[in-house]
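User: I am in my first year and would like a close look at one part of this protein, namely its aromatic rings, with a word afterwards on the empty spaces.

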Amino acid sequence: MALDGITVASLAAELNKVMTNARISKIAQPETDELLLTMKGSSGNYRLALSASASLPFVYLTGVNKPSPMTAPNFCMLLRKHIANGRILSITQPGLERILCLHIEHLDELGDLRTKKLIVELMGKHSNIIFCDENDRIIDSIKHVSSQMSSIREVLPGRTYFIPQTQDKYDPLLTTEEEFLTQVLTKPCSIAKAIYTTYTGISPVIAQEICFRASIDGDMATASLTPDMGLHLYHNFSWLMEDVKTGNFHPHIILKDKEPIDFAPVELTQYQDLGSEYNESISYVLEQFYARKNIYTRIRQKSSDLRRIVTTASERSHKKYALQAKQMQDTAKRDKYRVYGELLNTYGYGVEEGATKVTVPNYYTNEDITIPLDPTLTPSENAKKYFAKYNKLKRTSEALETLLAETKQEMDHLDSISTALSIAESEEDLVQIKEELIAYGYIRKRSGEKRARIKSKPFHYRSSDGFDIYVGKNNYQNDELTFKFANGGDWWFHAKGMPGSHVIVRTNGKELPDRTYEEAARLAGFYSKGRENEKVEIDYLERKNVKKPNGAVPGFVIYYTNYSMTIHPDISGIALCEND
C-alpha cells in the first residue's frame, strides 16, 4: 500500500516513544534526497532514515549505516550548524497528513535555547525535507521549489511554510456521522473511491479495507447503499479511526507465498487468505518490506534475460517436436507398402502388361485389395519400388523415435529450468541456472570468461517433528542433493509428472512420522510447476530406489516403485532455517 496518513501516524507514535529527549549526534546526507540522523537516547543509539525520493519516500528507524560522500552537501552542513547535538522534543503529525514534524531544541551561537522544525513531507513526487525556525519561516530545504515549478507553494529560504490545501479533503480523525453520510455517500462514484477522495491520509487499500469490514463491495456505487448499510459503513470507518487515535497499531507485511506484496499498520482482513508477518515496529516492517521487495524486483529484472533465452529455446523445441510428430504420423503407412510388395510378388504373374492397378486378395485380412501400379514397370519392379518405400519410411520412423525422445527430453529440461527461474530468490541462485544454460549450449560462453564461484545452497526446512528437509533450487542442486548429499535410507519427494525440486528428508535412521511425510510433500508441491494448483500429486520413496540414467540431463531421474499422496501446496507453518 502507499505510505498513507495512517502509516505516518503509526510512525509518529513509534518515533515519539523511542526518540523523545534523544540527542542528535550525527547528521549525514548519503543521497541527494536522503538524510540519516544518528541519535543517542536513554536506552541506546538510533538511526533515523528520511528520504524525499519521488519514487520511494520514507521515514523509519534503521540499523544500517550508509556511506556518506567525502564532501557534505550544503543542506547537510546547514543542519549540522543549527541542530547538531540538538534534543528531540517531540514528533508530530498535522491531522492525518503524510507529514512528520521533528521539533528540535538546540543552543544558538549566543548559548540561548531555540527550537527548530525538521518537516518531512511524504507525498510522492512532491516529497521534501524542509528545515524551519520556530515561526515556520523556511531556513532551507533538501529540494527547492520555485514559482516556475509550482503555482501553489514556493519552498525557498525566507518563505513561510504552510501545508498546501490543493484538495478539498476532510480530517478523518475529526469527522462526524452527518459529515460522513453527506460527504461520502453522495459522491457519484464507487464507495471506496468516495472514502479516499473525501478524507486526508486514507489510501485506496484502507478504503477497501473499511468496506470489507462492513461486508460491502467497495467497487459498488454509493447510490446502491441503503441507509442502514451507510450507517454500518460509517461505524466501521469510525472504529478504524479510533484505533489510529489510540495508537492501536498492528504493523505487518502481507506475503503471497514468500513474496511481500503489501504492508499495513492496521489489520488488513481483506487479505486473510494470504500470509502475514507481524512486528511491533512499523520501522522494521517498512525497512523489511522495501528491502525484500527490492530483492524480488531485482531478481526478476536480472532473470529476465535468462527467462527470454529459455522461452525462445522452449518455443523452438515445441515447434520441432510438432514437426517431428507430423513426420512420424506420415510413416504410419509404411506397412501398407510392405503388404503391396508382398502381394505383388505373390500374384504379380496375373498382372496384364501396362496395367495401372490390380486387385488381388489380401491374405492378411481375407479381403480384396487394389494396388496402384506404375505401368512402365513390371510387377516385380513395382514390388521392389514398394519395398524401397517401406524400408525408407521404416528407417525414418526409427530415426524419428530417437529424435522425438531427444526433443521431448529437451522440452522437459527447459521446462525444469523455467521452474528453477521462478524459484530463484538471489543472484547466486541465477548463477547456477546460467551455468547450466551455458553447459547445454543455450548461452554462448565468452572467451576468457571464468566460471563463477557458486555460493547458492538448497533451502533447508525443519519439520514440526524436528526432521531436516532440503529442497533443491535448480537442476544442479537437485542432482547434488539426491546423489551426493542424501543417504540411501533418506526419503525423496517430487511432484508427479511435472518439473520441480527434489526434496530430501534426512531420517538419520529413524522412522518418519506421518506429519513429516505430509510437510515434505507440501514443499515438493510448492517448489514445482504446480504451486498455483489447488491439489498436486506427489511421488515419494526411499532415496536408494531413485536412479539416474547414463547421460541424462541434470535433475532427471527414474524410479519404478513409489508411494503417492495428493496435497495442497501450502508451506505456511513449516520452519525455514534462515542461517543455513
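User: Which residues do ring pairs link into a cluster?

Analyst: This is a predicted model, and the description below should be read with that in mind. The cluster you ask about is made of Phe58, Tyr60, Phe263, Phe289 and Tyr290, which are joined to one another through ring pairs. Beyond this group, it helps to know that the structure holds 27 aromatic pairs. One of them is formed by Trp491 and Tyr540, whose ring centres lie 6.1 Å apart while their planes make an angle of 50°, so that the pair counts as tilted, a label used for angles that are neither under 30 degrees nor over 60. Trp491 belongs to strand β17 (residues 491-495) and Tyr540 to strand β19 (residues 536-542), and the pair therefore ties together parts that are 49 residues apart in sequence. Trp491 is buried, at a relative accessible area of 13%, and Tyr540 is buried too, its relative accessible area being 13%.

Rings can also be found beneath charged groups. Lys389 lies over the face of Tyr337, at 5.2 Å from the centre of the ring, and the charged end of Arg506 is placed over the ring of Phe485, 4.0 Å from the centre of that ring.

Turning to the empty spaces, a probe the size of a water molecule, rolled over the atoms, shows where such space is left. The count gives one cavity of 30 Å³ or more, and the volume of the largest cavity is about 60 Å³. Its lining includes Ser416, Thr419, Lys473 and Pro499, and by class the lining residues are three nonpolar, eight polar and one charged. Helices α9 (379-423) and α11 (475-485) each supply at least two residues of this lining, with α9 giving the most, namely four residues.

The largest pocket, by contrast, has a volume of about 1200 Å³. It is lined by 40 residues, of which Asp257, Lys258, Glu425, Tyr461 and Ile571 are the closest to its centre. Two or more residues of the lining come from each of β10 (252-256), β12 (275-278), α7 (282-330), α10 (427-439) and β15 (459-462). Sorted by class, the lining of the largest pocket has 18 charged, 14 nonpolar and eight polar residues.

Notes: Residues are numbered from 1 along each chain as its sequence is written. This is a predicted model: local features need pLDDT of at least 70, side-chain atom pairs count only at pLDDT 80 or more; totals for chains, interfaces and linings use all residues. Side-chain values use heavy atoms; hydrogens and water are left out. Rings of Phe, Tyr and Trp (its six-membered ring) pair if their centres lie within 6.5 Å; planes under 30 degrees apart count as stacked, over 60 as edge-to-face and the rest as tilted. Buried means under 20% relative accessible area, exposed over 50%, partly exposed in between (1.4 Å probe, protein chains only). A charge sits over a ring if NZ of Lys or CZ of Arg is within 6 Å of the ring centre and within 35 degrees of the ring normal. On a 1 Å grid over the protein atoms alone, a cavity is a set of points where a 1.4 Å probe fits but cannot get out, and a pocket is an open set with protein on both sides within 12 Å along at least five of seven lines; lining residues have an atom within 4 Å of a point. Grid points are joined across faces, edges and corners, and a volume is the space filled by probe spheres set on the points. Ala, Val, Leu, Ile, Met, Phe, Trp, Tyr, Cys and Pro count as nonpolar, Asp, Glu, Lys and Arg as charged, and the others, Gly among them, as polar.
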